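Visitor: I am new to this one. Could you show me around and explain the terms as we go?
Guide: Gladly, let us start by looking.

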Amino acid sequence: MFQQLGVIGCGLMGGSFALAMKKAGLVKRVVGYSKSPSTTKQAKKLGIIDVAAESALLAVSGSDIVLIAVPVSATEATLKAIRHLVNPGVLFMDVGSTKCDVIEAARRALGERAASFVPCHPIAGKESGGVQHAEATLYEGRQVILTPQPFTNPQLVQLATDVWSALGTTVLKMRPHNHDAAFAAVSHLPHLLAFAYFQAIAEQPAARDYLSLAGPGFRDFTRIAAGEPGVWRDILLANKHEVLAQSKRFRTMLDQLEALIEAGDAAALEAALRPIAEGRSAWNLSSSAVPPGRPPAK
């Protein structure tokens with residue numbers, strides 16, 4: 001059991017981690033800090049944290065495990081603010097959706113102390129952020145990606161693995177570049193498309209009429225467009241090279257399908273759509289399935 005958990009950023013992710021740690025009986029006390037005093041006040045009222053710290057540094061003081069749950073663009077400033085208390089043996093983790101930029105931020109801010117920082121990405125969340133939506137079960141049954149570096153303390157990597165496993169997650173390890181490339185494809189680009197698609201309809205003169213007719217398919221497709229704009233601004237910019245590379249792939253496929261529609265070639269259009277539909281159906285059965293006729297990505 002940990003004596004004290006320090007949470008920097010008491011929103012959905014940080015608050016849920018604190019609740020999960022309490023539920024699992026892994027921590028005696030939680031000290032939290034958020035940029036907005038009203039957030040820590042609410043977190044304490046909800047029983048998510050036990051003590052509201054007045055600074056990030058005070059949240060770290062006395063903690064033997066620290067979770068940094070701030071926007072990825074704020075990672076470096078946060079690490080600089082707590083640098084003097086990033087000591088060997090204390091586990092520091094983040095929850096950022098991008099990893100290359102976070103690791104570089106840790107290098108710049110912490111120097112040799114970066115050995116205590118284990119980069120993490122729990123694949124969990126909700127459309128609605130904020131401490132009021134935190135729940136102890138948010139991470140149960142989910143995956144958590146760790147992207148440790150050669151200089152990362154291996155004992156702390158194992159400790160991070162043990163902690164996340166105790167919270168009911170499946171822990172995987174990846175190289176940061178592979179992580180960012182993968183999540184550009186399966187998370188970051190889909191969010192960008194959902195934002196663009198919804199707005200393309202919303203700005204049309206007949207948008208209200210169109211939206212009044214929308215069914216479950218439209219709701220499913222656009223659900224993630226309700227994500228926090230500030231969070232997605234940071235993610236899309238931090239991982240822009242991988243996101244733009246995936247966007248180009250999408251445009252190429254869309255161009256191909258549009259050309260078949262323009263040509264009115266029913267047989268060719270169906271032939272193009274069939275392996276896509278079969279691939280998606282196969283993926284439903286096994287997340288490792290590869291669409292027919294397409295080799296696995298290297």
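Guide: Keep in mind that this is a predicted model. A good place to begin is Met93: leaving aside neighbours within four places in sequence, Met93 is in contact with Phe17, Ile65, Val66, Leu67, Ile68, Phe117, Val118, Cys120, Ala160 and Trp164.

Visitor: What makes residues such as Leu5, Phe17 and Met21 stand out in the largest nonpolar core?
Guide: They are among the residues that touch the most other members of that core; the full set is Leu5, Phe17, Met21, Ile65, Met93 and Trp164, out of 39 residues. The elements giving two or more residues to the core are strands S1 (2–8), S2 (27–33), S4 (65–68), S5 (91–94) and S8 (143–146), together with helices H1 (12–23) and H6 (154–166). H1 supplies the largest share, 7 residues. There is also a second, separate core of 21 residues, which includes Ile8, Ile82, Phe92 and Ala109.

Visitor: How do you know whether Thr75 is buried or exposed?
Guide: The cut-off for buried is under 20% relative accessible area. Thr75 has 3% relative accessibility, so Thr75 counts as buried. This residue is found in helix H4 (residues 75–82). Apart from neighbours within four places in sequence, Thr75 is in contact with Val70, Val102 and Ala105.

Visitor: Which word describes how H4 lies against helix H5, and why?
Guide: The axes of H4 and H5 (residues 100–110) cross at roughly 30° and come within 9 Å. Angles under 35 degrees count as roughly parallel, and therefore H4 is roughly parallel to H5. The crossing of H4 past H5 is right-handed. On the H4 side, Thr75, Glu76, Leu79 and Lys80 make the contact, and on the H5 side Val102, Ala105, Ala106, Arg108, Ala109 and Leu110. By class, the residues of this contact are 6 nonpolar, 1 polar and 3 charged.

Visitor: And why are H7 and H10 called oblique?
Guide: Helix H7 (residues 176–202) packs with helix H10 (residues 229–238) at an angle of about 125°, and their axes are 10 Å apart. Roughly perpendicular covers 65 to 115 degrees and roughly antiparallel begins over 145. The angle fits neither of those ranges, so H7 and H10 are oblique to each other. H7 passes H10 in a left-handed crossing. Ser187, His188, His191, Leu192 and Phe195 in H7 meet Trp232, Ile235 and Leu236 in H10. That contact of H7 with H10 has 5 nonpolar, 3 polar and no charged residues.

Visitor: What makes Phe195 count as partly exposed?
Guide: Partly exposed lies between the buried limit of 20% and the exposed limit of 50%. Phe195 has 24% relative accessibility, so Phe195 counts as partly exposed. Not counting residues up to four places away in sequence, Phe195 touches Ile224, Ala225, Gly227 and Trp232. Phe195 and Arg223 are 28 residues apart in sequence and 9.5 Å apart in space, C-alpha to C-alpha.

Visitor: How do you know which class Glu135 belongs to?
Guide: The same limits of 20% and 50% apply. At 30% relative accessibility, Glu135 therefore counts as partly exposed. Glu135 sits in the loop between strand S7 (120–122) and S8. Beyond neighbours within four places in sequence, Glu135 is in contact with Ser16, Leu19 and Lys126. From Glu135 to Gln246 there are 111 residues in sequence and 33 Å in space, C-alpha to C-alpha.

Definitions and conventions: Residues are numbered from 1 along each chain as its sequence is written. This is a predicted model: local features need pLDDT of at least 70, side-chain atom pairs count only at pLDDT 80 or more; totals for chains, interfaces and linings use all residues. Side-chain values use heavy atoms; hydrogens and water are left out. Axes are lines fitted to C-alpha atoms, for helices over the stretch in contact, and angles run from 0 to 180 degrees between N-to-C directions. Helices (H or I, at least four residues) and strands (E, at least two) are DSSP runs, numbered from the N terminus. A crossing is left-handed if the near helix is turned anticlockwise from the far one by less than a right angle, and right-handed if clockwise. Contact means heavy atoms within 4.5 Å. Ala, Val, Leu, Ile, Met, Phe, Trp, Tyr, Cys and Pro count as nonpolar, Asp, Glu, Lys and Arg as charged, and the others, Gly among them, as polar. A nonpolar core is a set of buried Ala, Val, Leu, Ile, Met, Phe, Trp, Tyr and Cys residues joined through side-chain atoms within 4.5 Å. Buried means under 20% relative accessible area, exposed over 50%, partly exposed in between (1.4 Å probe, protein chains only).
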